[in-house]
Amino acid sequence: METIKPIQSESAAATTWFRAARVSDFPPNGGACVRYRNLQIAVFNFTRRNEWYACQNQCPHKMQMVLSRGLIGSQEGEPKVACPFHKKTFSLRSGQCLNAEEDRIAVFPVKVEDGFVYIGVPE
Amino acid sequence: MRRIIVVGNGMVGYRFCEKLRSSAARSEFEIIVYGEEPRPAYDRVHLSDYFRGITADNLLMAPRSWYEENNIELHTGELVIEIDRNQKIIHTHNGRTDRYDVLVLATGSAAFVPSMEGTERHGVFVYRTIEDLHHIEAYSKKVSRGAVMGGGLLGLEAAKALVDLGLETHVVEFAPRLMPRQVDDAGADILKMKLQQLGLHIHTGKNTQAIEGNGKLEGLIFSDGSRLAVDMLVISAGIRPRDELARACGLRVAARGGVVVDDYMRTDDASIFAIGECASHNNMVYGLVAPGYEMAEVVVRQLNGDMSRSFRGFDMSTKLKLIGIDVASFGDPFAETPGSVPIAFRDTRKGIYKRINISEDGKHLIGGILVGDASAYNLLHQMVINRMPLPENPETLIGIGGAPEKKGSGIGDLPDTAQICSCENVTKADIVGQVTEHGATKIEDIKKATRACTGCAGCAPLVNDLIKLTLESLGHTVKKSLCEHFDYTRQELYDIVRVTGARTFDDLLDSHGKGDGCEICKPAVASILASAWNEPVPEHATIQDTNDRFLANIQRGGTYSVVPRIPGGEITPAKLIAIGRIAKKYNLYTKITGGQRIDMFGARVDQLPDIWEELIAEGFESGHAYGKALRTIKSCVGSTWCRYGVQDSVSFAIFIENRYKGLRAPHKIKGAVSGCIRECAEAQSKDFGIIATEKGWNLYVCGNGGARPQHARLLVADVDTETCIKLIDRFLMYYIRTADPLTRTATWLNKMEGGLDYLRDVIVNDSLGLGETLEKEMQELIDNYECEWKRVVESPHLRAQYRHFVNSEETDDTLQFVEMRGQKCPVDWDKNT
Ligand code: SRM
Ligand SMILES: Cc1cc2nc3c(=O)[nH]c(=O)nc-3n(C[C@H](O)[C@H](O)[C@H](O)COP(=O)(O)OP(=O)(O)OC[C@H]3O[C@@H](n4cnc5c(N)ncnc54)[C@H](O)[C@@H]3O)c2cc1C
Ligand code: SF4
Ligand code: FES
């Protein structure tokens with residue numbers, strides 16, 4: 001499986017909307033992992049904010065494929081995910097690491113239509 | 001540019017470089033450092049942490065790259081052997097020569113080894129460098145008995161290290177008492193008694209004459225003719241300043257050793273300074289780091305043209321660290337000041353001795369000694385160095401004749417110039433200023449801004465109190481809030497949940513919080529909800545930490561472990577076979593755990609429900625190895641089989657484990673039941689431990705192993721089975737209600753005002769009238785128990801969450817394993833990260 005290169009957080013770079021799964025496949029206020037080609041993408045159903053986020057599933061700290069299993073929350077309003085291994089937290093908007101000096105993670109735009117979740121992926 | 005050569009790269013030499021490079025004159029000097037040791041300067045004060053798993057790298061004052069970044073030329077492993085003062089040149093043992101304009105001697109000191117027969121034998125060590133510790137550790141593995149020569153501060157620290165290395169440990173002191181320079185006879189008696197309780201053998205008034213042996217050391221011979229058979233010896237008989245270079249080039253050295261310096265750290269050569277433990281000021285060599293730092297400061301200022309600061313001697317107050325017994329001595333501990341009056345308090349049963357010395361006019365504290373309880377040290381010490389006025393009844397300061405002053409009070413009265421952190425010379429005004437001017441609210445803020453608490457950290461309690469006091473004076477209410485989303489403590493939230501009946505995280509966040517929650521408050525609230533209602537954890541999956549979310553412990557690589565409950569460690573052959581069969585089928589690594597059960601590692605998340613389905617069919621239940629919950633009740637075989645057993649410990653352990661299984665708490669809880677006083681189940685290292693007696697059971701509480709082991713304390717003795725259970729109910733429920741998140745019972749007790757006596761009052765004497773409520777609440781939790789894995793296995797909506805991909809049936813293909821001793825094991829962390 002290839003590793004994901006961080007991309008711009010804005011949807012500018014996204015060209016393809018890929019249909020990931022049904023809304024009901026994602027637990028409220030939690031995440032699940034989606035496969036796209038041979039990439040693993042973590043998708044979060046942030047019910048409390050009525051928002052969706054997507055980012056690479058791999059944590060840049062120890063290269064573990066686990067971010068989708070992390071707890072989500074906010075830090076001064078910024079939505080974030082905490083890696084289950086060592087609790088490094090990453091902004092779900094910018095991909096920036098918020099509590100350590102880890103590489104930024106790739107984030108992807110998400111939209112919901114007709115009960116399906118779509119992820120904007122680079123061509 | 002002028003060339004400064006620093007000889008010696010120890011704590012003080014390093015500090016000198018650092019101060020010079022951050023001073024105004026930073027770019028006017030080239031700095032060249034020669035250090036004899038193989039690595040850059042490290043934190044010698046915390047040397048003993050090496051035996052607690054801290055690596056040599058972690059002890060470094062700064063990594064090698066720091067020297068490069070700061071343009072400091074560092075030569076390690078290079079000994080300066082000669083100073084040519086006429087030509088201003090030094091020579092090193094590698095044959096290098098180097099020219100200086102200014103020379104700073106920071107050569108520290110070496111352990112003093114008294115001249116006696118046998119010091120050259122194998123097995124004789126000193127305690128000064130990382131290499132010394134390497135050698136001690138290696139040698140200790142081959143032997144079983146060790147002695148430390150010297151019962152002073154450092155000697156006792158070394159003795160603790162030998163104990164930690166598992167040796168039978170003896171301390172041999174020449175003086176008639178331990179720590180002769182810091183404590184008096186009465187204090188030393190108590191100290192000795194406490195050390196003996198820790199298992200140390202103390203020999204005072206013993207003059208060692210020779211070290212016996214044939215090649216390697218075999219024992220010590222004393223002048224009174226007696227002998228002590230030991231296999232290794234650590235000599236800690238004082239320090240000897242490293243003044244050999246200075247002596248050889250004709251600089252003046254003091255009669256008792258040390259390069260003679262004036263108030264500006266100048267030697268009798270205008271281009272040469274001496275700082276740290278190698279310097280002798282007013283015939284005094286300071287064996288502590290703080291005076292050395294002050295000397296470095298004085299020299300750096302001079303090099304910046306500032307002569308306003310000189311060295312005027314230093315307070316030698318000290319607190320013994322590490323050994324687990326409070327000992328402190330400050331100011332003039334022995335009341336040698338004419339006319340002074342000592343007041344002392346002594347409780348031999350509890351092992352407490354406190355002494356304060358009052359000035360002749362009764363107005364000031366001039367010094368004192370604390371043994372067994374040094375909690376008042378910071379405050380008393382401050383009173384001495386700041387000459388603060390004494391309260392009307394000074395004896396209350398040490399708890400005589402009325403309540404001791406409340407903790408924290410008193411610092412408000414300190415003058416602004418009071419030095420709070422002596423390692424870094426940070427004053428009260430500096431700290432208060434950080435709070436009032438720069439918005440500091442936490443100790444971390446103060447550390448960053450002022451470096452207070454970054455040295456020996458002894459001032460941390462004072463700094464915390466000061467922050468709190470200052471914040472309060474600014475009108476802030478200081479609360480221990482959980483995180484930015486909840487302005488409440490765990491205990492308050494627990495009460496809120498019980499009172500409002502909140503059943504979900506969102507309910508509670510809406511009514512009492514703000515924002516969206518985070519990785520701190522979500523698991524804490526999950527634990528409260530579980531403790532309050534024993535709600536099924538899987539229904540709150542997304543507020544659980546990963547282990548509770550997937551009801552399994554996540555491992556390196558992202559697979560999980562499976563631990564079925566095996567109450568009391570008793571298991572039938574049929575169940576053993578079942579575990580073997582299932583582990584084999586799913587290719588899981590198996591291991592007997594330290595908790596008397598079996599752990600199966602390496603399951604993919606999607607396999608967990610299938611594995612549990614099979615385990616449940618064989619009669620197993622969840623072992624809650626993943627939860628902040630009851631773990632195991634260890635048992636020993638007891639009266640059923642053992643010839644010594646006085647009660648049936650296995651049956652009792654199984655009963656207890658089944659009673660409390662699934663119980664959620666602020667942290668994990670463990671128990672054990674031993675069938676007799678021999679204590680094979682290690683009950684005294686558990687959150688609650690039960691030991692059988694002829695008459696019933698002794699109940700111990702608040703022990704744990706882990707990183708900071710602590711023995712459990714006896715709550716009640718000789719109670720019958722029913723009472724024992726009732727008291728455990730109350731104890732656990734009281735803990736669940738009142739402890740902070742992630743606080744084990746031992747820490748909870750340590751923080752409890754009134755300590756064990758108070759806890760006993762609440763639990764055994766029912767002083768708060770809570771007993772019945774606690775029992776009732778516990779019964780509710782017990783009645784609500786269900787095996788959460790059974791729920792998952794039987795509920796399709798929960799089972800559906802155990803897929804790696806929601807849009808594909810494929811499994812995670814990034815998992816990688818290697819083989820080890822016939823089983824699988826995950827590949828190591830990526831080496832590049
Ligand atoms: C498997 C086991 C080691 C073994 O191979 O024997 C183990 C393994 C882990 N221990 Fe332990 N501990 C195990 C017995 C112990 C013991 C010994 C005992 O229970 O008698 C201790 C010391 C006693 C104590 O707890 O007081 C122990 C003290 C810890 C600690 C330190 C707790 C503390 O208060 O300092 C942690 C860290 C924590 O809980 O925060 C820990 C945490 C862990 C974790 C859960 C770390 C983690 O989050 O991944 C380990 C993963 C287990 C897994 O994947 O299944 N483990 N751990 C033992 C499982 C026992 C069981 O059957 O449930
Ligand atoms: C186990 C232990 C615990 C301690 N605990 C405390 C404590 O709790 N509180 C406290 O205040 N102090 C404590 N100390 C004392 C403290 O470590 C010293 O006061 C401090 O390290 C002194 O610093 P220094 O730079 O003067 O000397 P050192 O740290 O000894 O450094 C001197 C360095 O110079 C090198 N050197 C010597 N001669 C030469 C030469 N000719 N050429 C090149 N290099 C040379 C030496 O090898 C050494 O590396 C403790 C010491 C020990 C050993
Ligand atoms: S001591 Fe416990 S937590 Fe540490 S590595 Fe061993 S099993 Fe893991
Ligand atoms: S692997 Fe994610 S924080 Fe360490």
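Which side chain of chain B meets Arg35(A) in a salt bridge? Select Arg35(A) and look across to chain B: the partner is Glu810(B), with 3.4 Å from N to O. Keep in mind on this tour that the model is predicted.

**Stop 1: the interface**

Stay with the Arg35(A)–Glu810(B) pair for a moment. This salt bridge belongs to the contact between the two chains, where the rule finds nine salt bridges. Now widen the selection to the polar contacts: 23 residue pairs are joined in this way between chain A and chain B, both residues of each pair being at pLDDT 80 or more.

Next, colour the side of chain A that touches chain B by its elements. The ones giving two or more residues are β1 (16–22), β2 (30–36), β3 (39–46), β6 (64–65), β7 (71–75) and β8 (78–82) of chain A. Of these, β2(A) gives the most, with six residues.

To see the whole contact, select 44 residues from chain A and 41 residues from chain B. The size of an interface is often given as the accessible area lost when the parts come together. Here chain A and chain B bury about 3200 Å² between them, and carbon and sulfur atoms account for 50% of that. Pick out Arg35(A), Arg48(A) and Arg69(A): together they supply 26% of the area that chain A buries against chain B, more than any other three residues.

**Stop 2: Asp812(B)**

Now move to Asp812(B), in the loop between α25 (796–799) and β37 (817–820) of chain B. Is this residue buried or exposed? Asp812(B) counts as buried because its relative accessible area is 9%, under the 20% cut-off.

Show the neighbours of Asp812(B). Leaving out residues up to four places away in sequence, it touches Gln40(A) and Met65(A) in chain A, along with His804(B) and Phe805(B) in chain B. The contact with Gln40(A) is also a polar one between side chains, at 2.8 Å. Turn to Thr814(B) and you will find another side-chain polar contact with Asp812(B), at 2.7 Å. For a view along the sequence, add Val605(B): its C-alpha atom is 9.2 Å from that of Asp812(B), although the two residues are 207 residues apart along the chain.

**Stop 3: Ser359(B)**

Next, select Ser359(B), which sits in the loop between β24 (352–358) and β25 (365–371) of chain B. Ser359(B) is buried because its relative accessible area, 12%, is under 20%. Its side chain makes a polar contact of 2.6 Å with the side chain of Asp361(B). Which residues does Ser359(B) touch, not counting those up to four places away in sequence? They are Ser340(B), His364(B) and Ile366(B).

**Stop 4: chain B as a whole**

Zoom out and show chain B as a cartoon. You can page through 25 helices and 38 strands. The chain has 833 residues, and 54% of them count as buried. Switch to a surface view: chain B exposes about 36600 Å², with carbon and sulfur atoms supplying 48%. If you draw a contact map for chain B, take the contacts between residues at least 6 apart in sequence; 63% of these join residues at least 24 apart.

**Stop 5: confidence in chain A**

Finish by colouring chain A by pLDDT. The average is 86, and 89% of the residues score at least 70. Then select residues 1–12 of chain A, where the pLDDT is below 50. Beyond near neighbours in sequence, this stretch has 28 contacts in the model.

How values were computed:
Residues numbered from 1 in each chain as written. Chains lettered and ligands numbered in written order. Heavy atoms only, no water. pLDDT = per-residue confidence, 0-100. Contact = heavy atoms within 4.5 Å. Helix = DSSP H or I, 4+ residues; strand = E, 2+ residues; numbered from the N terminus. Buried < 20%, exposed > 50% of the residue type's maximum accessible area, 1.4 Å probe, protein only. Areas by Shrake-Rupley, 256 points an atom, 1.4 Å probe, with all protein chains shown as cover. Buried area = accessible area lost by both parts, 1.4 Å probe. Salt bridge = Lys/Arg side-chain N within 4 Å of Asp/Glu carboxyl O. Polar contact = N/O pair within 3.5 Å; in protein donor to acceptor, adjacent residues only side chain to side chain.
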